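Visitor: I would like to learn how to read a few features of a protein model. Could we take them one at a time?

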Amino acid sequence: MRVEQIMTKQVVSCGPDDTLARAAQLMWDHDCGCLPVCSGNGANRVTGVITDRDICMSALFKGKPLHELHVSDAMSRQLQTCRPSDSIVDAEKTMSRARIRRLPVIDEQESLVGMISLADLARQAARESTAPRREISETEVGDTLAAICQPSAQQLAA
């Protein structure tokens, strides 16, 4: 099964110059905890991602209100992506390796075309649970979640 078959296609994004207040409002309005950050002249080129946790930590450590802080100050630039034609198994492996729950899906021009999440993979695994041939299992999704939640070396050293 390919990523394009289970990804979310209607994805809300923000720009690096948006305020954290705008990003937080978009997350609230669209019931999501992560937004791709896009820039470019209408190309919707993904340059990073921002999570609700990024917003909270930035506001806490900078001691400023959200409307005074910008997405570019808090977003992750260590971008992991996948393509619509990638297998869901490959997307799951990328999530596990990078310890992330969501992947922007980009086309050949690196423009945003969707998002795939660990929840999407879990729903697909549940649908396949009674199928004779499964591409992804609930156990594999659970193992990926465990890998994502594993404390980092920094956390273990503290």
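Guide: We start with salt bridges, and note that this model is predicted. Side chains of opposite charge can pair when their charged atoms come close. Here Arg22 forms a salt bridge with Asp18, and their closest N and O atoms are 4.0 Å apart.

Visitor: Are Arg22 and Asp18 buried or exposed?

Guide: Neither word fits. Arg22 is partly exposed, with a relative accessible area of 45%, and Asp18 is also partly exposed, at 22%.

Visitor: How many salt bridges does a search of the whole structure find?

Guide: The search finds four. One of them joins the side chains of Arg45 and Glu110, with 2.7 Å from N to O. Arg45 belongs to strand S2, while Glu110 sits in the loop between strands S3 and S4, so this pair ties together parts that are 65 residues apart in sequence. Arg45 is partly exposed at 39% relative accessible area, and Glu110 is partly exposed at 32%.

Visitor: Where do Arg123 and Asp120 lie?

Guide: Both are in helix H5, three residues apart, which is about one turn of the helix. Their side chains meet in a salt bridge, at 2.6 Å from N to O. Asp120 is buried, with 5% relative accessibility, whereas Arg123 is partly exposed, with 46%.

Visitor: Next, disulfides. How many are there by the distance rule?

Guide: A disulfide is a covalent bond between the sulfur atoms of two cysteines. The count for this model is zero.

Visitor: Why is there no bond between Cys32 and Cys34?

Guide: The cut-off for a disulfide is a sulfur pair within 2.5 Å. The cysteine sulfur closest to that of Cys32 is in Cys34, but it is 7.5 Å away, so the two are too far apart for a bond. Cys34 is buried, with a relative accessible area of 9%, and Cys32 is partly exposed, with 29%.

Visitor: Last, pockets. Which residues lie nearest the centre of the second largest pocket?

Guide: The two cysteines return here. Thr8, Cys32, Cys34, Arg102 and Met115 lie nearest the centre, out of 17 lining residues. Strand S1, strand S4 and helix H5 are the elements that each give two or more residues to this lining. The pocket has a volume of about 340 Å³.

Visitor: What kinds of residues make up the lining of that pocket?

Guide: The lining of the second largest pocket divides into eight nonpolar, five polar and four charged residues.

Notes:
Residues numbered from 1 in each chain as written. Predicted model: local features only at pLDDT ≥ 70, side-chain atom pairs only at ≥ 80, totals over all residues. Heavy atoms only, no water. 1 Å grid on protein atoms, 1.4 Å probe; cavity = no way out; pocket = protein on both sides within 12 Å on 5 of 7 lines; lining within 4 Å. Points joined across faces, edges and corners; volume = space filled by probe spheres on them. Helix = DSSP H or I, 4+ residues; strand = E, 2+ residues; numbered from the N terminus. Nonpolar A, V, L, I, M, F, W, Y, C, P; charged D, E, K, R; others polar. Buried < 20%, exposed > 50% of the residue type's maximum accessible area, 1.4 Å probe, protein only.
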